[in-house]
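Open the structure in your viewer and keep the sequence panel beside it. The stops below say what to select next and what is there.

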Amino acid sequence: MPSQDTTGSVPRPPQDRREFFRIQDRIGLEIRRLEENHPADPDLFNNTPLDSLKAEYRRLDQDIKNHLANLAERDRLLTGLITTLNSKLDALARIIAFEQNPLQPEDWQDVTLSEGGLAFFSPSVAWQTGDRMAVRMTLPPELYQPQAIAQVIDLERDTAGGAWVLAAFTELEESDRQQIARHVMRWQIRQKQNQ
């Protein structure tokens with residue numbers, strides 16, 4: 001599902017505290033409410049026997065990156081080829097993971113997204129300021145699936161009984177932050193190419 005520019009559909013808070021560049025996009029969004037005394041565990045979405053395989057995959061990926069750094073000093077052409085093959089395998093792994101757990105049409109939402117948090121529409125006012133949530137995002141077209149713990153910092157109610165929920169990431173792994181940053185950067189590039 002391609003990213004879209006939905007400029008104007010998401011309200012901006014009057015006190016616009018920008019620390020990160022924000023985009024308006026359509027992404028897969030899965031949210032789990034965290035109770036007040038629940039431990040902040042972003043892996044609420046990964047309660048499967050595949051967890052150990054995923055951990056091994058991440059370890060191997062890190063090993064490849066370390067070896068590529070050493071190889072780059074000796075053979076740039078070979079390093080480029082191996083980097084491309086590694087990226088191809090990463091894309092294949094994301095496609096397989098996505099096909100095993102496809103998102104339903106209602107899971108795709110218009111959001112405002114940055115490295116610092118996100119805003120999304122809730123058709124009912126089910127959230128309150130201070131509520132905590134585990135969030136998993138699917139970012140097209142790369143199908144990255146960063147996860148985070150977020151906290152509701154503001155609500156902007158509408159006349160139909162819903163609200164825009166503004167949430168800040170309180171716990172976000174560095175690798176997930178980088179996935180969001182890459183997605184935002186690529187989104188910007190695509191928008192410039194389409195102008």
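Exposed here means over 50% relative accessible area, buried means under 20%, and partly exposed lies in between. The model is a predicted one.

**Stop 1: the whole chain**

Show the protein chain as a cartoon. Its secondary structure comes to three helices and six strands. Followed along the sequence, these elements appear in the pattern β-α-α-β-β-β-β-β-α. Of the 195 residues, 37% count as buried. Now switch on the surface: the protein chain exposes about 11900 Å², and carbon and sulfur atoms supply 53% of that area. Contacts are worth a look too. Among those between residues at least 6 apart in sequence, 67% join residues at least 24 apart.

**Stop 2: helix H3**

Select residues 174–194, which form helix H3. The helix has 21 residues and reaches 30 Å from its first C-alpha to its last, close to the 30 Å expected at 1.5 Å a residue.

Which residues of H3 are buried? Colour Asp176, Gln179, Ile180, His183, Val184, Trp187 and Gln191 to see them. Then turn the view to look down the axis of H3: these buried residues fall within an arc of 135 degrees, so they line one face of the helix. On the other side of H3, select Lys192 and Gln193, which are exposed.

**Stop 3: what H3 packs against**

Keep the buried residues of H3 coloured and add the strands they pack against. These are E1 (23–34), E2 (108–114), E4 (132–138), E5 (147–157) and E6 (163–172).

**Stop 4: an aromatic pair**

The structure holds one aromatic pair. Select Phe121 and Trp164 and show their side chains: the pair is edge-to-face, with 5.5 Å centre to centre and 65 degrees between the planes. Phe121 lies in strand E3 (residues 117–122) and Trp164 in strand E6, so the pair ties together parts that are 43 residues apart in sequence.

Is each partner buried or exposed? Phe121 is partly exposed, with a relative accessible area of 30%. Trp164 has a relative accessibility of 12% and counts as buried, because the cut-off for buried is under 20%.

**Stop 5: a charge over a ring**

Last, select Arg33 and Trp127. Arg33 lies over the face of Trp127, at 4.1 Å from the ring centre.

Definitions and conventions
Residues numbered from 1 in each chain as written. Predicted model: local features only at pLDDT ≥ 70, side-chain atom pairs only at ≥ 80, totals over all residues. Heavy atoms only, no water. Helix = DSSP H or I, 4+ residues; strand = E, 2+ residues; numbered from the N terminus. Expected span 1.5 Å × (residues − 1). Buried < 20%, exposed > 50% of the residue type's maximum accessible area, 1.4 Å probe, protein only. Arc of directions from axis to C-beta. Contact = heavy atoms within 4.5 Å. Areas by Shrake-Rupley, 256 points an atom, 1.4 Å probe, with all protein chains shown as cover. Phe/Tyr/Trp six-rings, centres within 6.5 Å; stacked < 30°, edge-to-face > 60°. Lys NZ or Arg CZ within 6 Å of the ring centre and 35° of its normal.
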